Amino acid sequence: METSEPLLDVRDLAVHFPIKRGLVLDRTVGHVYAVDGVSLHIGRGETYGLVGESGCGKSTLGRAILRLVDLTTGQVTFDGVDVAQLKGEQLRTMRRRFQMVFQDPMSSLDPRQSVESLLTEGMKAHGLSRGPAADGARLRELVDSVGLPAGALRRYPHEFSGGQRQRIGIARALSVEPDLIVADEPVSALDVSVQAQVLNLLGRLQSELGLTYLVIAHDLAVVRHVSDRVGVMYLGGLVEEAPSQELYDDPQHPYTRALLSAVPVPDPELEDHRERILLTGDLPSPAAPPAGCRFHTRCPWRQPTRCDDERPALRVIAGAPAGHRVACHFAEDIRSGRLQPHRVDVEAVDDVLAPGAVPDLPGSVTEILGR
Amino acid sequence: MTALLEVRDLQVAFTRRREPDTVAVDGVSFDVAPGQVVGLVGESGCGKSVTSLAIMRLLPARGVRVSGSVRMDGTDLLTLSGSEMRARRGRDLSMVFQDPLSSLNPVIPIGLQVTEVLRRHRGMAGDKARQAAAELLERVGIPDPRRRLDSYPHQLSGGMRQRALIAIALACQPRLLIADEPTTALDVTIQAQILGLLSELVRETGAALIMITHDLGVVAGLCEAVNVLYGGRIVERAQRHRLFATPRHPYTHGLLRSIPRLDAPPGEELEAIRGSVVDNLPWAHACAFAPRCPRAIETCTEVTPVAETSGGRLLRCHNPVPANAE
């Protein structure tokens, strides 16, 4: 899969949101460490899945790659160009090549614009318009490729069902002929029976148009299904990265194991005999991430001192394939079974600053931005 | 076997002036035995939540027409007066909702919201109620329960709020608990905690549980009998092992094949169900699922399928998936 140089190369990306307080002085009283040191690369034509629970920073990472939020530090190299340094017109032009598909198709489509106008807006902005006749043909081709009838062009977003709206969102992203599509929870707002339609559509478009995807979702089953490689995030950092089948067959990070064991499977036989790793407690606040390994407060395999003091880096452990990286000091011992899980007592997650100053408990960026 | 709850021919219609009624739930019948875990599964708009609200008598009085019967201990809940129903709600049957933030009062501390139930139904007061509330919070796994009694809902995380809501629902040891998508708003690791807690509490207290969810995975691990709803009617019912091993209704069958499974090899094309619920036909003279059904035959768009029970399985279909197909 890693043929030539990657299409997207992210190095040490961090996004810290300041927490401000005070009416006049507007002091910064702390930071939400939404993304804190993530490095990953995505090859051409590949689908990279990012999975994690709310508040882990996966959406922020996706938005930072597209420069929809400002990076605190780090590099984002897209096709050889450092996107993080781009400004103004250069950035605008570059944006044609990476597009986003949002979670909620109702709030990401302007209700007052017809589908035709939604789809031509981007084409015009990027100078892809080639006169009315050619545009008309292009639009019909677009709606056809996402499985909508040509008559859809004259209609408005509210006239469509959720699944169809998501198709419009995908058509809009495709209208400017991008190379990379970042899909943030593309199916989580849809009904189960419709999710499969949209997932199949994304797969078909990829093989037809040679697209590269970054799929962000909380649903591990969805992510694993569509992705070639999967990265698991916890509190702003990647804890494990592996080809998707490998991740399921041989999860190495304790968090990945817990996540995999927590996903319900629609099979009673399996459900009855599954071994579950139940995590205790909640996600710590990203405004005060634990020192050392971020997962140590909930980890059933935590070992004294090293886990609390030293933040593990992503590495390949002995005996694992090169594409499988894990950020755990004791991954070898856990894998061989030399370390056994122990009980974890729930620590009441305490408010970091004064109550109310910070979204005092796990707040995802989606929530914070929605407020 | 005597049932704890008998729902018979429940129909809920929303009425509007000068417009045809919208029938949300149509002829739903099922039993819940004491201590049994029963699942109601379906997608949005299938009537699963309306069914639970009708059982709890929580639908608004105006603009809604409810018919059929909901018997608990021989009494039809639908015929009780408002105050008689209030006396039962929380004591005999109670409910856990999907979104704990909007079902807890944001300006009242958690402790008061738990003691409210204890005061009303068990006549507890003062320190005794507070003590009992703290024990309840501890029982549902809230750390440091004494301190949390004084917390407001916004100071708790989503999982903790859901635990608090469960504590309130279980405060009077009801014999029936209805959980409407109790884990949908939660992350998977927290979902696993809450589901574990629910099944543990149900086992311990002997309460029956009606689990309402869209997630077949949740049902697979938890419910003994599973009812699959589509367009307001039960289209298939069976014990969970049988239902998942040999789904007979094309909708159940399609649903199971369309979800990406964690244990399946990735990258395969999913077998999607075509169309969406807006394509539904009215049940009055057809099968609602017919336009989306891969097995639809002519009869499906002309005759309403009736629910037939054989060998412990209820099925409402003209052309079901053969039992040995796989």
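**Figure 1. The annotated ABC transporter domain of chain A in a predicted model.** UniProt, in an unreviewed entry, places the feature "domain: ABC transporter" at residues 8–260 of chain A. Helix makes up 37% of the chain over residues 8–260, and strand 28%. The end C-alpha atoms of this stretch are 27 Å apart.

**Figure 2. The annotated ABC transporter domain of chain B.** An unreviewed UniProt entry gives the annotation "domain: ABC transporter" to residues 7–256 of chain B. Over residues 7–256 the chain is 41% helix and 27% strand. Here the end C-alpha atoms lie 27 Å apart.

**Figure 3. Helix H4 of chain B and its packing partners.** H4(B) runs over residues 110–122 and has 13 residues. From first C-alpha to last, H4(B) reaches 18 Å, close to the 18 Å expected at 1.5 Å a residue. Its buried residues are Ile110(B), Gly111(B), Gln113(B), Val114(B), Thr115(B), Val117(B), Leu118(B) and His121(B). An α-helix has 3.6 residues a turn, so residues three or four places apart point the same way. The buried residues of H4(B) pack against four helices of chain B: H2 (82–88), H5 (126–139), H6 (145–148) and H7 (158–170). Just after H4(B), Gly123(B) takes a positive phi of about 60°.

**Figure 4. The largest nonpolar core, with Ile166(B) among its most connected residues.** This core has 67 residues. Ile166(B), Leu209(B), Met211(B) and Tyr251(B) have the most contacts inside it. H7(B) supplies the largest share of the core, eight residues. Leaving aside neighbours within four places in sequence, Ile166(B) is in contact with Val96(B), Val140(B), Ile194(B), Leu197(B), Leu198(B) and Leu201(B).

**Figure 5. A second, separate core with residues from chains A and B.** The second core has 38 residues. Ala258(A), Ile317(A) and Phe330(A) are among them, and so is Val188(B).

**Figure 6. The second largest pocket and its lining.** About 1300 Å³ of space lies in this pocket. The lining has 50 residues. Closest to the pocket centre are Ser261(A), Glu275(A), Arg276(A), Ile277(A) and Leu278(A). In chain A, helix H9 (254–262) and helix H10 (268–273) each give two or more residues to the lining. In chain B, H7, helix H8 (188–205) and helix H9 (216–222) do likewise. H8(B) gives the most, with eight residues.

Terms used:
Residues numbered from 1 in each chain as written. Chains lettered and ligands numbered in written order. Predicted model: local features only at pLDDT ≥ 70, side-chain atom pairs only at ≥ 80, totals over all residues. Heavy atoms only, no water. UniProt positions renumbered as here; feature names shortened; annotations may be inferred. Expected span 1.5 Å × (residues − 1). Buried < 20%, exposed > 50% of the residue type's maximum accessible area, 1.4 Å probe, protein only. Contact = heavy atoms within 4.5 Å. Core = buried A, V, L, I, M, F, W, Y, C linked by side-chain atoms within 4.5 Å. 1 Å grid on protein atoms, 1.4 Å probe; cavity = no way out; pocket = protein on both sides within 12 Å on 5 of 7 lines; lining within 4 Å. Points joined across faces, edges and corners; volume = space filled by probe spheres on them.
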